[in-house]
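Here's a quick tour for anyone meeting this structure for the first time. Have a look at it, then read on.

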Protein chains: 2
Amino acid sequence: MQNQKNTKLISFIGGDTGCWETLSLTAVAGETLAKSARLNIVKGEDHESSIGSLWTLKAVVSNLRYTNRSEKNALDQNSRALGQPEYDYAALIPIKKSDEWWALTQDERRKIFEEDSQHIRISSKYLSMISRQLHHCRDLGEPFDFLTWFEFSSGHAHAFDELLNALRKTEEWKFVTREIDIRFKKVM
Amino acid sequence: MQNQKNTKLISFIGGDTGCWETLSLTAVAGETLAKSARLNIVKGEDHESSIGSLWTLKAVVSNLRYTNRSEKNALDQNSRALGQPEYDYAALIPIKKSDEWWALTQDERRKIFEEDSQHIRISSKYLSMISRQLHHCRDLGEPFDFLTWFEFSSGHAHAFDELLNALRKTEEWKFVTREIDIRFKKVM
(Lines give C-alpha, C1' and ligand atoms only; values in the text may rest on other atoms or scores of the structure.)
Protein backbone atom coordinates (compact mmCIF):
# COMPACT_ATOMS: atom_id res chain seq x y z
CA MET A 1 0.00 0.00 0.00
CA GLN A 2 1.30 3.40 -0.98
CA ASN A 3 0.77 6.18 1.54
CA GLN A 4 -1.89 8.43 0.04
CA LYS A 5 -1.29 12.16 0.48
CA ASN A 6 -3.95 14.84 0.68
CA THR A 7 -2.95 17.11 -2.22
CA LYS A 8 -5.70 19.59 -1.26
CA LEU A 9 -3.88 20.50 1.97
CA ILE A 10 -2.79 24.06 2.65
CA SER A 11 -0.29 24.41 5.51
CA PHE A 12 0.06 27.61 7.51
CA ILE A 13 3.49 27.32 9.11
CA GLY A 14 4.49 29.61 11.97
CA GLY A 15 8.29 29.70 11.96
CA ASP A 16 11.21 31.80 10.81
CA THR A 17 10.54 31.75 7.06
CA GLY A 18 7.83 33.02 4.72
CA CYS A 19 6.89 36.40 3.29
CA TRP A 20 4.52 37.38 6.13
CA GLU A 21 6.11 38.97 9.22
CA THR A 22 4.07 38.57 12.41
CA LEU A 23 2.90 41.89 13.88
CA SER A 24 0.80 40.51 16.74
CA LEU A 25 -0.80 37.33 18.08
CA THR A 26 -3.78 37.49 20.43
CA ALA A 27 -5.68 34.60 21.99
CA VAL A 28 -9.26 35.91 21.81
CA ALA A 29 -10.68 32.70 23.33
CA GLY A 30 -9.10 29.48 24.63
CA GLU A 31 -5.49 28.33 24.52
CA THR A 32 -2.99 30.55 22.69
CA LEU A 33 -0.41 29.65 20.02
CA ALA A 34 3.29 30.56 20.14
CA LYS A 35 4.12 33.79 18.30
CA SER A 36 6.51 33.05 15.44
CA ALA A 37 8.62 35.60 13.56
CA ARG A 38 7.12 34.70 10.16
CA LEU A 39 4.32 32.78 8.47
CA ASN A 40 4.86 30.51 5.48
CA ILE A 41 1.88 29.25 3.44
CA VAL A 42 2.52 26.01 1.57
CA LYS A 43 0.04 24.45 -0.85
CA GLY A 44 -0.18 20.79 -1.75
CA GLU A 45 1.89 18.29 0.16
CA ASP A 46 2.33 17.88 3.89
CA HIS A 47 5.06 20.16 5.22
CA GLU A 48 4.94 19.75 8.96
CA SER A 49 8.57 18.88 9.51
CA SER A 50 9.77 22.33 8.41
CA ILE A 51 12.95 23.35 10.18
CA GLY A 52 12.44 26.08 12.74
CA SER A 53 8.64 25.97 12.73
CA LEU A 54 6.72 26.47 15.97
CA TRP A 55 3.39 25.18 14.64
CA THR A 56 1.71 24.00 11.46
CA LEU A 57 -2.03 24.41 10.91
CA LYS A 58 -3.47 22.43 8.01
CA ALA A 59 -6.76 22.90 6.19
CA VAL A 60 -8.47 22.61 2.81
CA VAL A 61 -10.66 24.84 0.68
CA SER A 62 -14.01 23.05 0.68
CA ASN A 63 -17.53 23.49 -0.70
CA LEU A 64 -19.93 26.16 0.60
CA ARG A 65 -21.79 25.09 3.74
CA TYR A 66 -24.39 27.87 4.32
CA THR A 67 -24.30 30.35 1.44
CA ASN A 68 -27.31 30.36 -0.88
CA ARG A 69 -27.20 31.16 -4.61
CA SER A 70 -28.46 34.74 -4.32
CA GLU A 71 -25.94 35.43 -1.56
CA LYS A 72 -23.08 33.86 -3.54
CA ASN A 73 -23.89 35.92 -6.63
CA ALA A 74 -23.82 39.12 -4.55
CA LEU A 75 -20.58 38.09 -2.80
CA ASP A 76 -18.87 37.19 -6.10
CA GLN A 77 -19.74 40.60 -7.54
CA ASN A 78 -18.00 42.45 -4.70
CA SER A 79 -15.08 40.12 -3.86
CA ARG A 80 -11.48 40.75 -4.84
CA ALA A 81 -9.04 37.84 -5.22
CA LEU A 82 -6.17 37.31 -2.78
CA GLY A 83 -2.78 38.62 -3.86
CA GLN A 84 -3.66 42.27 -4.65
CA PRO A 85 -0.26 44.05 -4.82
CA GLU A 86 -1.42 46.92 -2.55
CA TYR A 87 -2.68 44.53 0.17
CA ASP A 88 0.33 44.64 2.48
CA TYR A 89 -1.42 43.42 5.66
CA ALA A 90 -2.95 40.04 6.41
CA ALA A 91 -4.63 38.15 9.23
CA LEU A 92 -5.03 34.48 10.06
CA ILE A 93 -7.96 33.71 12.36
CA PRO A 94 -8.04 30.06 13.51
CA ILE A 95 -11.40 29.22 15.13
CA LYS A 96 -12.86 26.23 16.93
CA LYS A 97 -16.57 25.90 17.68
CA SER A 98 -18.21 23.93 20.49
CA ASP A 99 -19.54 20.36 20.33
CA GLU A 100 -22.98 21.93 20.88
CA TRP A 101 -22.61 23.82 17.57
CA TRP A 102 -21.63 20.68 15.65
CA ALA A 103 -24.54 18.71 17.12
CA LEU A 104 -27.02 21.19 15.64
CA THR A 105 -28.85 20.31 12.44
CA GLN A 106 -28.24 22.19 9.18
CA ASP A 107 -31.32 24.44 9.52
CA GLU A 108 -30.41 25.31 13.12
CA ARG A 109 -26.82 26.24 12.21
CA ARG A 110 -27.91 28.24 9.15
CA LYS A 111 -30.45 30.19 11.26
CA ILE A 112 -27.79 31.18 13.81
CA PHE A 113 -25.17 31.86 11.11
CA GLU A 114 -27.18 34.19 8.92
CA GLU A 115 -30.76 34.91 10.03
CA ASP A 116 -29.64 35.69 13.64
CA SER A 117 -25.99 36.72 13.18
CA GLN A 118 -25.90 38.08 9.61
CA HIS A 119 -22.44 36.61 9.06
CA ILE A 120 -22.69 37.01 5.27
CA ARG A 121 -24.47 40.39 5.40
CA ILE A 122 -21.93 41.93 7.81
CA SER A 123 -18.91 40.53 5.92
CA SER A 124 -20.16 41.61 2.51
CA LYS A 125 -19.82 45.30 3.40
CA TYR A 126 -16.05 44.85 3.67
CA LEU A 127 -15.38 42.69 0.60
CA SER A 128 -14.29 45.54 -1.64
CA MET A 129 -11.41 46.30 0.75
CA ILE A 130 -10.75 42.96 2.48
CA SER A 131 -10.11 39.74 0.51
CA ARG A 132 -10.62 36.46 2.30
CA GLN A 133 -10.42 32.68 1.95
CA LEU A 134 -12.12 30.28 4.34
CA HIS A 135 -10.37 26.94 4.95
CA HIS A 136 -11.96 23.93 6.67
CA CYS A 137 -10.04 21.59 9.00
CA ARG A 138 -12.48 19.97 11.47
CA ASP A 139 -12.64 16.68 9.53
CA LEU A 140 -8.82 16.59 9.36
CA GLY A 141 -8.61 16.11 13.14
CA GLU A 142 -6.88 19.48 13.51
CA PRO A 143 -6.99 21.60 16.71
CA PHE A 144 -9.20 24.20 14.95
CA ASP A 145 -12.32 23.89 12.78
CA PHE A 146 -11.64 26.81 10.43
CA LEU A 147 -8.69 28.94 9.36
CA THR A 148 -9.74 32.15 7.69
CA TRP A 149 -7.10 34.13 5.83
CA PHE A 150 -7.63 37.83 5.13
CA GLU A 151 -5.59 40.31 3.06
CA PHE A 152 -6.06 44.09 3.04
CA SER A 153 -4.05 47.32 2.82
CA SER A 154 -2.58 48.76 6.03
CA GLY A 155 -4.90 51.74 5.49
CA HIS A 156 -7.89 49.45 6.02
CA ALA A 157 -6.63 47.79 9.23
CA HIS A 158 -9.24 49.80 11.13
CA ALA A 159 -12.05 48.51 8.87
CA PHE A 160 -10.82 44.96 9.50
CA ASP A 161 -11.01 45.52 13.28
CA GLU A 162 -14.54 46.86 12.83
CA LEU A 163 -15.54 43.71 10.90
CA LEU A 164 -14.12 41.39 13.59
CA ASN A 165 -15.76 43.38 16.39
CA ALA A 166 -19.15 43.13 14.67
CA LEU A 167 -18.82 39.36 14.12
CA ARG A 168 -17.61 38.72 17.68
CA LYS A 169 -20.80 40.29 19.08
CA THR A 170 -23.08 37.88 17.21
CA GLU A 171 -25.09 34.90 18.43
CA GLU A 172 -22.84 32.67 16.27
CA TRP A 173 -19.74 33.69 18.23
CA LYS A 174 -21.23 32.29 21.47
CA PHE A 175 -20.31 28.89 20.00
CA VAL A 176 -16.64 29.85 19.45
CA THR A 177 -14.51 28.07 22.07
CA ARG A 178 -11.07 28.95 20.71
CA GLU A 179 -9.99 31.86 18.54
CA ILE A 180 -6.55 33.27 17.77
CA ASP A 181 -6.09 36.59 15.96
CA ILE A 182 -2.73 36.78 14.17
CA ARG A 183 -1.75 39.84 12.12
CA PHE A 184 0.97 40.06 9.49
CA LYS A 185 2.81 42.53 7.30
CA LYS A 186 4.10 41.52 3.89
CA VAL A 187 7.90 41.43 3.60
CA MET A 188 10.16 40.42 0.74
CA MET B 1 7.31 19.47 15.01
CA GLN B 2 5.47 16.32 15.92
CA ASN B 3 3.48 14.69 13.13
CA GLN B 4 -0.16 15.27 14.02
CA LYS B 5 -2.45 12.29 13.40
CA ASN B 6 -6.16 12.46 12.61
CA THR B 7 -7.65 10.42 15.46
CA LYS B 8 -11.13 10.74 13.88
CA LEU B 9 -10.08 8.54 10.92
CA ILE B 10 -11.91 5.32 10.18
CA SER B 11 -10.09 3.04 7.74
CA PHE B 12 -11.92 0.49 5.60
CA ILE B 13 -9.22 -1.98 4.58
CA GLY B 14 -9.79 -4.46 1.77
CA GLY B 15 -7.41 -7.34 2.39
CA ASP B 16 -7.22 -10.83 3.81
CA THR B 17 -8.23 -10.01 7.41
CA GLY B 18 -11.31 -8.70 9.19
CA CYS B 19 -14.66 -10.15 10.22
CA TRP B 20 -16.47 -9.24 6.97
CA GLU B 21 -16.14 -11.70 4.07
CA THR B 22 -16.66 -10.13 0.64
CA LEU B 23 -19.65 -11.59 -1.23
CA SER B 24 -19.54 -9.32 -4.29
CA LEU B 25 -18.02 -6.11 -5.62
CA THR B 26 -19.71 -4.19 -8.43
CA ALA B 27 -18.57 -0.95 -10.07
CA VAL B 28 -21.90 0.85 -10.54
CA ALA B 29 -20.20 3.94 -12.04
CA GLY B 30 -16.59 4.81 -12.84
CA GLU B 31 -13.40 2.91 -12.09
CA THR B 32 -13.70 -0.30 -10.05
CA LEU B 33 -11.77 -1.43 -6.94
CA ALA B 34 -10.01 -4.78 -6.53
CA LYS B 35 -12.16 -7.42 -4.82
CA SER B 36 -10.50 -8.48 -1.58
CA ALA B 37 -11.31 -11.63 0.43
CA ARG B 38 -12.17 -9.66 3.59
CA LEU B 39 -12.83 -6.19 4.95
CA ASN B 40 -11.26 -4.85 8.14
CA ILE B 41 -12.57 -1.67 9.78
CA VAL B 42 -10.05 0.16 11.94
CA LYS B 43 -10.90 3.21 14.04
CA GLY B 44 -8.46 5.90 15.15
CA GLU B 45 -4.94 5.87 13.76
CA ASP B 46 -3.77 5.54 10.19
CA HIS B 47 -3.48 1.91 9.15
CA GLU B 48 -2.66 2.00 5.49
CA SER B 49 0.44 -0.14 5.56
CA SER B 50 -1.51 -3.26 6.60
CA ILE B 51 0.09 -6.44 5.29
CA GLY B 52 -1.86 -8.06 2.48
CA SER B 53 -4.27 -5.17 1.93
CA LEU B 54 -5.39 -4.28 -1.59
CA TRP B 55 -6.82 -0.88 -0.73
CA THR B 56 -7.54 1.40 2.23
CA LEU B 57 -10.36 3.93 2.15
CA LYS B 58 -10.30 6.53 4.91
CA ALA B 59 -13.08 8.79 6.15
CA VAL B 60 -14.52 10.49 9.22
CA VAL B 61 -17.94 10.77 10.82
CA SER B 62 -18.80 14.46 10.44
CA ASN B 63 -21.65 16.88 11.20
CA LEU B 64 -24.97 16.79 9.34
CA ARG B 65 -24.91 18.66 6.03
CA TYR B 66 -28.56 18.69 4.85
CA THR B 67 -30.79 17.16 7.53
CA ASN B 68 -33.14 19.55 9.34
CA ARG B 69 -34.25 19.22 12.98
CA SER B 70 -37.68 17.72 12.23
CA GLU B 71 -36.10 15.19 9.87
CA LYS B 72 -33.38 14.28 12.38
CA ASN B 73 -35.93 13.72 15.15
CA ALA B 74 -37.93 11.38 12.90
CA LEU B 75 -34.77 9.54 11.76
CA ASP B 76 -33.51 9.11 15.34
CA GLN B 77 -36.83 7.59 16.37
CA ASN B 78 -36.62 4.86 13.73
CA SER B 79 -32.87 4.18 13.54
CA ARG B 80 -31.14 1.16 15.03
CA ALA B 81 -27.45 1.31 15.97
CA LEU B 82 -24.81 -0.64 14.07
CA GLY B 83 -23.75 -3.97 15.57
CA GLN B 84 -27.14 -5.69 15.95
CA PRO B 85 -26.26 -9.38 16.51
CA GLU B 86 -28.79 -10.60 13.91
CA TYR B 87 -27.42 -8.26 11.19
CA ASP B 88 -25.17 -10.72 9.38
CA TYR B 89 -24.92 -8.84 6.07
CA ALA B 90 -23.27 -5.49 5.34
CA ALA B 91 -22.52 -3.20 2.43
CA LEU B 92 -19.93 -0.50 1.80
CA ILE B 93 -20.91 2.02 -0.88
CA PRO B 94 -18.07 4.44 -1.76
CA ILE B 95 -19.38 7.37 -3.83
CA LYS B 96 -17.85 10.33 -5.62
CA LYS B 97 -19.90 13.23 -6.94
CA SER B 98 -19.06 15.56 -9.82
CA ASP B 99 -17.31 18.94 -9.62
CA GLU B 100 -20.62 20.40 -10.82
CA TRP B 101 -22.30 19.12 -7.63
CA TRP B 102 -19.66 20.62 -5.37
CA ALA B 103 -19.84 23.99 -7.14
CA LEU B 104 -23.54 24.29 -6.25
CA THR B 105 -24.58 26.46 -3.31
CA GLN B 106 -26.09 24.97 -0.14
CA ASP B 107 -29.71 25.73 -1.12
CA GLU B 108 -29.20 24.22 -4.59
CA ARG B 109 -27.70 20.99 -3.18
CA ARG B 110 -30.38 20.68 -0.49
CA LYS B 111 -33.14 21.13 -3.11
CA ILE B 112 -31.74 18.31 -5.27
CA PHE B 113 -30.94 16.11 -2.24
CA GLU B 114 -34.34 16.21 -0.57
CA GLU B 115 -37.02 18.29 -2.28
CA ASP B 116 -36.32 16.70 -5.71
CA SER B 117 -34.77 13.33 -4.76
CA GLN B 118 -36.28 12.60 -1.32
CA HIS B 119 -33.03 11.06 -0.13
CA ILE B 120 -34.09 11.24 3.54
CA ARG B 121 -37.72 10.30 2.89
CA ILE B 122 -36.84 7.23 0.80
CA SER B 123 -34.13 6.06 3.24
CA SER B 124 -36.28 6.51 6.34
CA LYS B 125 -38.63 3.71 5.25
CA TYR B 126 -35.81 1.20 5.63
CA LEU B 127 -34.26 2.38 8.89
CA SER B 128 -36.02 -0.19 11.07
CA MET B 129 -34.33 -3.01 9.13
CA ILE B 130 -31.15 -1.36 7.77
CA SER B 131 -28.66 0.43 10.04
CA ARG B 132 -26.25 2.87 8.42
CA GLN B 133 -23.40 5.27 9.07
CA LEU B 134 -22.34 7.96 6.61
CA HIS B 135 -18.63 8.85 6.51
CA HIS B 136 -17.16 11.92 4.77
CA CYS B 137 -13.82 11.89 2.95
CA ARG B 138 -13.80 14.61 0.25
CA ASP B 139 -11.78 17.05 2.37
CA LEU B 140 -9.25 14.30 3.15
CA GLY B 141 -8.16 14.20 -0.51
CA GLU B 142 -9.47 10.64 -0.83
CA PRO B 143 -10.60 9.07 -4.15
CA PHE B 144 -14.25 9.10 -2.96
CA ASP B 145 -16.40 11.80 -1.29
CA PHE B 146 -18.50 9.48 0.93
CA LEU B 147 -18.31 5.96 2.30
CA THR B 148 -21.65 4.71 3.56
CA TRP B 149 -21.68 1.56 5.67
CA PHE B 150 -24.89 -0.47 6.00
CA GLU B 151 -25.73 -3.48 8.19
CA PHE B 152 -28.85 -5.66 7.86
CA SER B 153 -29.95 -9.27 8.16
CA SER B 154 -29.58 -11.57 5.14
CA GLY B 155 -33.38 -11.79 5.10
CA HIS B 156 -33.53 -8.07 4.27
CA ALA B 157 -30.98 -8.13 1.43
CA HIS B 158 -33.86 -7.67 -1.00
CA ALA B 159 -35.10 -4.59 0.87
CA PHE B 160 -31.58 -3.17 0.69
CA ASP B 161 -31.50 -3.67 -3.10
CA GLU B 162 -34.87 -1.91 -3.31
CA LEU B 163 -33.50 1.07 -1.35
CA LEU B 164 -30.43 1.37 -3.60
CA ASN B 165 -32.53 1.06 -6.76
CA ALA B 166 -34.82 3.86 -5.57
CA LEU B 167 -31.90 6.18 -4.72
CA ARG B 168 -30.08 5.46 -7.99
CA LYS B 169 -33.09 6.67 -9.99
CA THR B 170 -33.10 10.10 -8.34
CA GLU B 171 -32.00 13.49 -9.65
CA GLU B 172 -29.21 13.47 -7.01
CA TRP B 173 -27.64 10.34 -8.52
CA LYS B 174 -27.08 12.16 -11.85
CA PHE B 175 -24.19 13.85 -10.00
CA VAL B 176 -22.59 10.54 -8.96
CA THR B 177 -19.46 9.95 -11.08
CA ARG B 178 -18.08 6.90 -9.25
CA GLU B 179 -19.89 4.31 -7.16
CA ILE B 180 -18.81 0.88 -5.95
CA ASP B 181 -21.26 -1.54 -4.33
CA ILE B 182 -19.48 -4.04 -2.05
CA ARG B 183 -21.45 -6.67 -0.09
CA PHE B 184 -20.25 -8.65 2.92
CA LYS B 185 -21.22 -11.49 5.17
CA LYS B 186 -20.17 -11.55 8.84
CA VAL B 187 -17.66 -14.28 9.71
CA MET B 188 -15.88 -15.07 12.96
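What follows is a short walk through the two chains, one helix and one residue of this predicted model.

## How the two copies sit together

Let's start with the big picture. Turn chain A by 180 degrees, with 0.0 Å of shift along the axis, and it superposes on chain B with an RMSD of 0.0 Å. The two copies are thus related as by a two-fold rotation axis.

They also meet through the same surface, because 100% of the interface residues of chain A are interface residues in chain B too.

## Helix 5 of chain B

Now zoom in on helix 5 of chain B, which covers residues 157-168. With 12 residues at 1.5 Å each, the helix should span 16 Å, and the 17 Å between its end C-alpha atoms agrees with that.

Which residues of this helix are buried? They are Ala157(B), Ala159(B), Phe160(B), Leu163(B), Leu164(B) and Leu167(B). Looking down the helix axis, these buried residues fall within an arc of 160 degrees, so they line one face of the helix. An α-helix has 3.6 residues a turn, so residues three or four places apart point the same way.

And what do they pack against? Their partners in chain B are strand 5 (89-97), helix 4 (119-124), strand 6 (130-136), strand 7 (146-152) and strand 8 (176-186).

## A closer look at Asn63(A)

Over in chain A, Asn63(A) sits in the loop between strand 4 (55-59) and helix 1 (69-78). Its relative accessibility is 7%, so Asn63(A) counts as buried.

The side chain of Asn63(A) makes a polar contact of 3.1 Å with that of Ser62(A). Setting aside neighbours within four places in sequence, Asn63(A) is in contact with His136(A), as well as with Trp102(B), Arg109(B) and Arg138(B).

How values were computed:
Residues numbered from 1 in each chain as written. Chains lettered and ligands numbered in written order. Predicted model: local features only at pLDDT ≥ 70, side-chain atom pairs only at ≥ 80, totals over all residues. Heavy atoms only, no water. Helix = DSSP H or I, 4+ residues; strand = E, 2+ residues; numbered from the N terminus. Expected span 1.5 Å × (residues − 1). Buried < 20%, exposed > 50% of the residue type's maximum accessible area, 1.4 Å probe, protein only. Arc of directions from axis to C-beta. Contact = heavy atoms within 4.5 Å. Least-squares fit on C-alpha atoms with pLDDT ≥ 70 in both. Polar contact = N/O pair within 3.5 Å; in protein donor to acceptor, adjacent residues only side chain to side chain.
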